[in-house]
Amino acid sequence: MTSNYRIYRRRLDLGSRMNQLHNTEQLAIGILDTGTPEQLIENLSWYVENMNYALHVVTQEGRLDITEMQEAYKEVTFLVFPSSAFTGEMVNAVANECQTSYFLIVRSDLLLVRFDGAALFSLMGQKEAPAAIASLIANMDKEIVPTIRSPYLEEKKLEPRSHFPTADLPGGENTLYPVMALGMYDRALFQRLRGFDEKIHSEYFQVLDWGIRCYLLGHTVKASSHLLMQFTDRQSVIEDRSESEGYKRCYTKALSVQQFKGKNIIRKYKGFVDKDALSDEVKKRLLWLQKSDFFQLLEHWEKT
């Protein structure tokens with residue numbers, strides 16, 4: 001995970017700094033600057049007033065007067081990229097800097113409608129806790145959209161299927177990845193899983209790659225009704241699944257290792273091989289660490 005951004009840390013008083021030396025904060029909130037400057041300021045003011053957690057804004061040079069923003073929001077840390085960044089880079093930056101047990105990823109062009117902290121912390125504190133809790137998403141008409149994902153191969157292509165969430169499952173339900181990366185993450189586990197792949201230049205393939213990696217390494221991603229976000233200006237919430245630069249890295253890591261009689265072997269997935277990912281990721285790491293393969297995940301998904 002790279003760090004080509006500037007950090008403008010929150011301005012804590014001496015008492016707060018001393019307390020932080022002895023306590024690990026439980027949650028950080030990463031606000032991705034994806035809307036207008038006005039939307040960011042409106043949302044940031046709401047988070048400062050209503051959410052007593054460490055706040056991080058991820059933005060880019062020229063979008064805001066950082067000196068002015070620091071004066072107005074002394075309790076907020078600003079992570080500023082030199083130019084536009086992909087979602088995975090922004091989320092990695094939050095994970096790198098937050099120093100908390102968990103972090104929540106939101107966007108400046110949506111509202112945090114439901115955050116049941118007690119239920120979410122309880123779920124993340126269980127022995128078989130998920131790597132992340134994906135947020136449910138509503139559109140401008142307050143309709144829940146189908147953001148539950150299940151693994152699926154259409155001919156040779158990865159084409160996860162979309163479903164509406166099941167109502168009120170107490171422990172949440174399995175989903176392949178957090179749509180648009182929106183959700184609450186276990187920071188230590190996110191770091192051990194090496195975060196989002198910044199060599200993939202696509203939000204969709206970044207989150208798909210990370211989600212599949214979670215499952216193949218023995219973890220899960222849950223979606224929960226205790227976490228809900230709403231787009232106020234979108235009727236439909238659609239992912240851009242076009243094949244952008246680096247997308248074959250996702251295919252290579254997801255499909256190049258197969259289990260045979262309990263042993264992991266490499267079988268190149270013809271037509272979808274990234275040589276660097278095969279050498280640096282699959283052969284050096286995933287071959288030895290995978291607990292399952294994608295084809296077993298397909299077969300057993302309904303039972304997970």
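**Buried cysteines, core and strand pairing**

Cys214 is buried, its relative accessible area being 0%. The structure described here is a predicted model, and it holds 0 disulfides. Cys214 accordingly takes part in no disulfide, and the nearest cysteine sulfur, which belongs to Cys250, lies 12 Å away. A disulfide is a covalent bond between the sulfur atoms of two cysteines. For Cys250, the closest cysteine sulfur is that of Cys214, and the separation of 12 Å is too far for a bond, given that a disulfide requires the two sulfur atoms to be within 2.5 Å. Cys250 is also buried, with a relative accessible area of 1%.

Cys250 appears again among the contacts of Leu158. Not counting residues up to four places away in sequence, Leu158 touches Tyr152, Leu153, Tyr204, Leu208, Ile212, Cys250, Tyr251, Ala254, Leu255 and Phe294. Leu158 is also one of the residues that touch the most other members of the largest nonpolar core, a set of 97 residues; the others named for this are Phe103, Leu104, Met184 and Trp210. The element that gives the most to this core is helix α7 (residues 203-216), which supplies 9 residues.

Strand β2 (27-32) is mostly covered, with 6 of its 6 residues buried. In a regular strand the side chains alternate between the two faces of the sheet. In β2, both faces are covered: Leu27, Ile29 and Ile31 are buried on one side, and Ala28, Gly30 and Leu32 are buried on the other. β2 pairs with β5 in the parallel sense over 6 bridges, and the bridge partner of Gly30 in β5 is Ile105. β2 also runs parallel to β3, to which 5 bridges join it; here the bridge partner of Ile31 is Val57.

Beyond its pairing with β2, strand β5 pairs with strand β13 (residues 183-186) in the antiparallel sense over 4 bridges. Phe103 has Tyr185 of β13 as its bridge partner, and Phe103 is one of the residues with the most contacts to other members of the largest nonpolar core. β13 is further paired with strand β7 (residues 132-138), again in the antiparallel sense, over 3 bridges. In this second pairing, Ala134 stands opposite Gly183 in β13.

Helix α2 (residues 37-50) has 14 residues, which at 1.5 Å a residue should span 20 Å; the C-alpha atoms at its ends are 20 Å apart, in agreement with that expectation. The expected value is obtained as 1.5 Å times one less than the number of residues. Buried positions in α2 are Gln39, Leu40, Asn43, Leu44 and Tyr47. These residues cover an arc of only 125° around the axis, which places them on the same side of α2. An α-helix has 3.6 residues a turn, so residues three or four places apart point the same way. On the other side of α2, Glu38, Glu42 and Glu49 are exposed. The buried residues of α2 pack against β2, β3 (54-60), α3 (66-72), β4 (76-81), β5 (102-107) and β6 (110-115). The partners of the helix thus include β2 and β5, which are themselves paired in the parallel sense.

Helix α9 (residues 275-289) contains Ala277 and Leu289. Ala277 counts as buried, at 0% relative accessibility, whereas Leu289, at 45%, counts as partly exposed. Not counting residues up to four places away in sequence, Ala277 touches Arg249, Thr252 and Val282. Ala277 and Pro37 are 240 residues apart in sequence, and their C-alpha atoms are 37 Å apart in space. Leu289 and Tyr152 are 137 residues apart in sequence, with 23 Å between their C-alpha atoms.

Ser162 is found in strand β11 (residues 161-163). With a relative accessibility of 40%, Ser162 counts as partly exposed. The contacts of Ser162, not counting residues up to four places away in sequence, are Pro146, Ile148, Arg149 and Arg241. Ser162 and Glu89 are 73 residues apart along the chain, and their C-alpha atoms are separated by 25 Å.

Key. Residues numbered from 1 in each chain as written. Predicted model: local features only at pLDDT ≥ 70, side-chain atom pairs only at ≥ 80, totals over all residues. Heavy atoms only, no water. Helix = DSSP H or I, 4+ residues; strand = E, 2+ residues; numbered from the N terminus. Buried < 20%, exposed > 50% of the residue type's maximum accessible area, 1.4 Å probe, protein only. Arc of directions from axis to C-beta. Contact = heavy atoms within 4.5 Å. Core = buried A, V, L, I, M, F, W, Y, C linked by side-chain atoms within 4.5 Å. Pairing = 2+ DSSP bridges.
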